[in-house]
Amino acid sequence: MAFDLSCALSTFHIHMGKAPQRVAVIISLLFAVVCLNASQTYILSYRTQVKNAVVISESYQFSKAMTEIKATKAESLSLYSPHETNLNTIMHLHKDEILEFMMKYGAHTRSHEKVHNSKSSSLLQLTLPPSYITVDFNDDYATITRLITD
Amino acid sequence: MRKTLLISALLSAFLLAEEAPNNTPEAAKKMQTIDPVVVTPIVVQPVVVTPAPAPVEKKEEPKEKAQVCPEHMQKPTKQMAPESYKAIRINVTGQGVAPTMTSSPAQAYALAKRAAIADAYRLLAEKVKGVRIEGSDKIKNMMVQRSEVRTFVDAVIAEAEIIETVFKDGLCEVEMELTLDPAQWRSILAAR
C-alpha cells in the first residue's frame with residue numbers, strides 16, 4: 001500500500017505541469033487500488049434440521065455487514081478459486097469447507113428424541129450462529145478470515 | 001521423809017530387777033553362745049597422686065563415604081505427564097441417510113453427510129454435557145396403554161474435528177473427535 005502511494009505521488013509530481021486530466025486518472029486509479037485491497041465484512045449463518053437421520057431443511061445465509069464493527073482477525077481459510085470473482089458463487093461452491101471451518105469454532109446442537117410405544121423419532125437441529133467474516137481475494141485465492149468482536 | 005526415800009528405793013530396786021533378765025542362768029548361757037566380735041584392722045592405703053592424663057581428644061571416625069554406584073543411586077523419576085494432563089479425546093460416529101427423492105447421487109451424498117455431521121454433534125453433546133430424559137407410562141386396568149420416553153440435548157460444541165467420512169449404500173458415517181483440555185474440563189466432568 002505504501003509502495004502504491006509513493007509511486008502514485010511520484011508520478012503526480014512528474015506530470016503535474018502537463019495535464020490535469022492525467023492527475024485525475026491517477027487519483028482514480030489510486031482510489032480503485034485502495035478499494036480493491038480493502039476486505040469487506042460479511043455475516044455468515046447456517047442452520048440444518050434433520051428428522052429421523054434425513055435432512056429436512058437447510059438454510060445458508062451470507063450477506064454483507066450493514067454496520068461497521070470493532071473486531072480482531074482470528075483464523076483464516078484459503079480457498080482456491082481461479083477465474084471466479086463472484087463471491088456468492090465461491091461461497092456456495094466451497095460450502096462444505098467453509099461450514100467445517102466455521103463449525104470448528106462453535107456449533108449449537110439441539111436434539112429432541114421421542115420413543116413412543118417402542119417407536120422412536122428424532123429431530124435434530126444444528127446451528128452455526130451468525131458470525132462475522134472477511135473475504136480477501138489474492139492470487140486466485142479467496143481467503144476467509146473469522147472475526148472476533150471486541 | 002525417810003519413808004519416801006525407802007519407798008523409792010524399793011521401787012527402783014524392783015524395776016531394776018525386772019529390767020535385768022541377764023542375771024538369770026539362761027541369759028548367761030545365751031551370752032556365752034554369742035559370737036565374739038571380730039575386729040578387722042583397717043588398712044589405710046597411701047594415696048598415690050598421679051598426674052592427670054591429658055584429655056584425649058576423641059577423633060571422629062571418618063564416616064563412610066557415600067557409595068556412588070548405580071545400584072545405590074536414586075532412580076530418576078520419569079518426567080512423564082501425569083494422568084491429569086493427558087488430553088481427553090472423545091470419538092463418536094454419526095450416521096445419516098440420504099433422502100429417497102434426490103436429484104443426483106452427489107446431492108444424496110451431501111445431504112447424508114450433513115445428517116451424519118448433525119448426528120455426530122448430538123452424540124458429542126450427549127457425552128460432554130449430558131442428556132435430559134423424561135418418561136411417562138399410562139397404565140389402565142393393569143395394562144400399559146401408552147409408554148413414552150423423551151430425550152433432550154442442548155449444547156454448543158467447539159473444536160470438534162471430522163476424522164473420517166464413509167458413504168456406503170445410502171448410509172453416511174462421519175467419525176468426529178473432540179479433544180478437551182483436562183485442566184479445564186476434568187473438574188467439570190468429574191462433578192457431574
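This passage walks through a predicted model of two protein chains, A and B.

It helps to begin with how far the model can be trusted. Chain A has a mean pLDDT of 82, and 77% of its residues reach 70 or more. Within chain A, the lowest confidence falls in helix 1 (residues 2–14), with a mean of 46, while strand 4 (residues 107–116) has the highest, at 95. The pLDDT is below 50 over residues 1–12 of chain A, and this stretch has eight contacts in the model beyond near neighbours in sequence. Residues 33–37 of chain A also stay under a pLDDT of 50. For residues 33–37, the model has two contacts beyond four places in sequence.

Chain A offers a good place to follow strands as they pair. Strand 1 of chain A and strand 5 of chain A are antiparallel partners, joined over eleven bridges. In this pairing, Gln40(A) stands opposite Val135(A) of strand 5. Strand 5 of chain A also pairs with strand 4 of chain A, again in the antiparallel sense, over nine bridges. Here Thr109(A) faces Leu126(A) of strand 5. A further antiparallel pairing links strand 5 of chain A to strand 6 of chain A through six bridges. Val135(A), already met as the residue opposite Gln40(A), stands opposite Ile144(A) in strand 6 of chain A. In a regular strand the side chains alternate between the two faces of the sheet.

Two hairpins connect these strands. The hairpin of strand 4 and strand 5 of chain A has two residues between the strands, and Asn117(A) takes a positive phi near 50°. Strand 5 and strand 6 of chain A also form a hairpin with two residues between them. What is the phi of Asp139(A), in the turn of this hairpin? The value is positive, about 50°, although Asp139(A) is not a glycine. Asp140(A) lies in the loop between strand 5 and strand 6 of chain A, and has a positive phi near 65°. Most residues other than glycine have a negative phi, and most peptide bonds are trans. Are Asp139(A) and Asp140(A) buried or exposed? Asp139(A) counts as exposed because it has 8 C-beta neighbours inside 10 Å, and a residue is exposed if 12 or fewer other C-beta atoms lie within that distance. Asp140(A) is exposed too, with 11 other C-beta atoms within 10 Å.

Attention can now turn to chain B. Chain B contains four helices and five strands, and its elements run α-α-β-α-β-β-β-β-α from the N terminus on. Of the 192 residues in chain B, buried residues make up 15%. Among the contacts in chain B between residues at least 6 apart in sequence, 57% join residues at least 24 apart.

How do the two chains meet? In the model, 29 residues of chain B are in contact with 23 residues of chain A. On the side of chain B that touches chain A, at least two residues each come from strand 1 (88–97), helix 3 (105–128), strand 3 (143–157) and strand 4 (160–168). Strand 3 of chain B gives the most to this side, with twelve residues. By type, the residues on this side of chain B divide into 16 nonpolar, four polar and nine charged. Strand 3 of chain B is also paired with strand 4 of chain A: ten bridges join these two antiparallel strands. One such bridge places His112(A) with Phe152(B) as its partner.

The largest nonpolar core holds 39 residues, and Ala115(B), Ala120(B), Tyr121(B) and Leu124(B) touch the most other members. From chain A, the elements that give two or more residues to this core are strand 1 (40–51), helix 4 (95–103), strand 5 (119–138) and strand 6 (141–149). From chain B, they are strand 1, helix 3, strand 3 and strand 5 (171–180). Which element provides the largest share of this core? Helix 3 of chain B does, with twelve residues. Ala120(B) gives a closer view: leaving aside neighbours within four places in sequence, Ala120(B) is in contact with Val92(B), Thr93(B), Gly94(B), Val174(B) and Met176(B). In soluble globular proteins, nonpolar side chains tend to be buried together.

Notes
Residues are numbered from 1 along each chain as its sequence is written. Chains are lettered from A and ligands numbered from 1 in the order in which they are written. This is a predicted model: local features need pLDDT of at least 70, side-chain atom pairs count only at pLDDT 80 or more; totals for chains, interfaces and linings use all residues. pLDDT is the predictor's confidence in each residue, from 0 to 100. Two residues are in contact if their C-beta atoms, placed from the backbone, lie within 7 Å. Ala, Val, Leu, Ile, Met, Phe, Trp, Tyr, Cys and Pro count as nonpolar, Asp, Glu, Lys and Arg as charged, and the others, Gly among them, as polar. Two strands pair if DSSP finds at least two bridges between them. A residue is buried if 20 or more other C-beta atoms lie within 10 Å of its own, exposed if 12 or fewer, and partly exposed in between; C-beta atoms are placed from the backbone. A nonpolar core is a set of buried Ala, Val, Leu, Ile, Met, Phe, Trp, Tyr and Cys residues joined through C-beta atoms within 7 Å.
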